[in-house]
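Here is a friendly walk through the fold, topic by topic. Please keep the sequence and the 3D view open as you read.

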Amino acid sequence: MNATSPHGLNDDTLHPRTGALTDIRVVDLSRVLAGPLCGQMLADHGADVIKVEPPTGDDTRGWGPPFVREEHSAYFDGLNRNKRNISIDLRGEEGQALLGRLLEDADVVIENFKAGTLEKWGFSDAEISERFPRLVHCRITGYGVDGPLGGAPGYDAVLQGLSGLMSINGEPDGAAMRIGIPLVDIVTSLNAMNGILMALHVRATTGRGQLVDLALLDNAVSILHPHAAKWFATGEPPERTGVAHPTICPYETFTCSDGPFFIGAGNDRQFRSLATALDAHALIEDPRFLTNSSRLAHSAELRAILGGLVGGIGRDDLADRLRAVGVPSGAVNHVGEALEMPQVLHREMVVEREGYRSIGIPVKLSETPGAVRFGPRPRGADTESVLTELGMEQEQADELRRDGVLSESGTATASRGGVHN
């Protein structure tokens, strides 16, 4: 079979892997966000990532609209590029045996199953360590596997609430609000990648892998700065400040003649430069605004004065003035405006490959750069190539299909042995 994928790629000629991690193979058993995003980042930098989906697919395949094609929501597509794909029913002995064969050749496994699931399937922590001593096992859970909440399910928004993140987000006189991105999941994915790379670094010396244990709750609590530091110092729960900063002034949004604009004067020099750029020299000598502490004490008065000064200025004009004198600032863009910014495009933070369009790679390595090689694959699209690498005969693979252990979406799979990495 020589089928063409929905991304316009010939399935037997997937782009060769390049980057810093081309010697690493990852089995990505995870679903939804934190695990898949971690796997995608590893794949972006050259790792051979095999995404293993259940017969029903990753939950996020159905998280739409919008859908970019059958079985592909935009949500799913943002998290699963550069990965080969195989769909296995792991609930039975045959699927579990096949997983064991995958792990024999893997350097890393990423999973976010309910606590106890892998153990029930014969892959407890101890068994993984004994059977696959070089394997780095990255486990992502809501709360960990023990303790008062150990094993409980958790989604990003739930953890935003429990961790205190919601309590510090929103207007002072309004309700606590969910942060508009799945921040807890994203931070967890970043720390998961860090943990995996550290474990691989240690393995280069010891020859042994280890468990990289991440809980969404831990990661949510870890980003409470500066609010946690303030609570440790005073014992007082932080209050919501809207777009303003709790310890820096001015550091908030103002309204220009043509829309919202953010100004962040993080020190006294920047504040003096701001006043000069606005031809408001009297502010420099005003005792209410001499230091950051005094500006915080008189933040309402300063906000009113600055609001009056910038209200008649266009955003582009104000941006030019403030950047010229070194004051961090910029228009408050909507997502589309941000993704069309010349600087964003210059930094290759929007990429398109054979019809797949997405956010680019933020970590730029000078000698071993990452690459977006292809978009997310249909479920089970790379079954043949993966099984060939395991040494499985066609008859055995066909039997596993008949038994329902292996499955594919409606798209034809890659030809046996045809995927080159």
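Helices (H or I, at least four residues) and strands (E, at least two) are DSSP runs, numbered from the N terminus. With that naming, Asn-82 belongs to the loop between helix H2 and strand S5 (83–88). Please bear in mind that this is a predicted model. The points below cover the two open sheets, two helix pairs, an aromatic pair and some backbone details.

**The seven-stranded sheet**

- One open sheet has seven strands in the order S8-S7-S6-S1-S2-S5-S14, and its pairing is mixed.
- Its edge strands are S8 (211–215) and S14 (406–407), each of which pairs on one side only.
- Within this order, S1 and S2 are neighbours, and strand S1 (residues 25–28) pairs with S2 in the parallel sense over four bridges.
- To find your place in that pairing, look for Arg-25, which stands opposite Asp-48 in S2.

**The three-stranded sheet**

- Another open sheet has three strands, ordered S9-S10-S11, with antiparallel pairing.
- S9 and strand S11 (329–331) are the edge strands here, and each pairs on one side only.
- From one strand to the next, the twist averages 25 degrees.
- Strand S9 (residues 251–256) and strand S10 (residues 259–264) are paired in the antiparallel sense over six bridges.
- These two strands, S9 and S10, make a hairpin that has two residues between them.
- On the other side of the order, S10 and S11 are joined by three bridges, also in the antiparallel sense.
- Phe-262 can be followed across the sheet: Thr-253 stands opposite Phe-262 in S10, and Phe-262 in turn stands opposite Gly-330 in S11.
- Ile-263 can be followed in a similar way: Glu-252 is opposite Ile-263 in S10, while Ser-329 is the bridge partner of Ile-263 in S11.
- Helix H14 (residues 315–324) lies across S9, S10 and S11, and runs at about 10 degrees to S10.

**Helix H7 and its partners**

- How do helix H1 (residues 34–44) and helix H7 (residues 183–206) meet? Their axes come within 8 Å and cross at roughly 50 degrees.
- That angle makes H1 oblique to H7, because angles that are neither under 35 degrees, nor over 145, nor from 65 to 115 count as oblique.
- The crossing between H1 and H7 is right-handed.
- On the H1 side, the contact is made by Ala-34, Leu-37, Cys-38, Met-41 and Leu-42.
- On the H7 side, the contact residues include Ile-186, Leu-190, Met-193, Ile-196 and Leu-197, as well as Asp-185, Thr-188 and Ser-189.
- Sorted by class, the contact of H1 with H7 holds 11 nonpolar, two polar and one charged residues.
- Helix H6 (residues 156–163) also packs with H7, at an angle of about 95 degrees and with the axes 7 Å apart.
- H6 and H7 are therefore roughly perpendicular to each other, as the range for that class is 65 to 115 degrees.
- Asp-156, Leu-159 and Gln-160 of H6 make this contact with Leu-183, Val-184 and Asp-185 of H7.
- By class, the H6 contact with H7 consists of three nonpolar, one polar and two charged residues.
- Asp-185 is worth picking out in your viewer, since Asp-185 is listed in the contact with H1 and in the contact with H6.

**Aromatic pairs**

- How many aromatic pairs does the structure hold? There are six aromatic pairs.
- One pair is that of Trp-63 and Tyr-75, which is edge-to-face, with 5.0 Å centre to centre and 70 degrees between the planes.
- Trp-63 lies in the loop between strand S2 (48–53) and strand S3 (67–69), and Tyr-75 in helix H2 (residues 74–77), so this pair ties together parts that are 12 residues apart in sequence.

**Backbone details in the loops**

- Gly-64 and Pro-65 are joined by a cis peptide bond, with omega at about 10 degrees.
- Pro-65 is placed in the loop between S2 and S3, the loop that also holds Trp-63.
- A cis bond is also found from Cys-249 to Pro-250, where omega is near 0 degrees.
- Pro-250 sits in the loop between helix H9 (227–234) and S9.
- Although Asn-82 is not a glycine, its phi is positive, at about 60 degrees.

Notes: Residues are numbered from 1 along each chain as its sequence is written. This is a predicted model: local features need pLDDT of at least 70, side-chain atom pairs count only at pLDDT 80 or more; totals for chains, interfaces and linings use all residues. Side-chain values use heavy atoms; hydrogens and water are left out. Axes are lines fitted to C-alpha atoms, for helices over the stretch in contact, and angles run from 0 to 180 degrees between N-to-C directions. A crossing is left-handed if the near helix is turned anticlockwise from the far one by less than a right angle, and right-handed if clockwise. Contact means heavy atoms within 4.5 Å. Ala, Val, Leu, Ile, Met, Phe, Trp, Tyr, Cys and Pro count as nonpolar, Asp, Glu, Lys and Arg as charged, and the others, Gly among them, as polar. Two strands pair if DSSP finds at least two bridges between them. Rings of Phe, Tyr and Trp (its six-membered ring) pair if their centres lie within 6.5 Å; planes under 30 degrees apart count as stacked, over 60 as edge-to-face and the rest as tilted.
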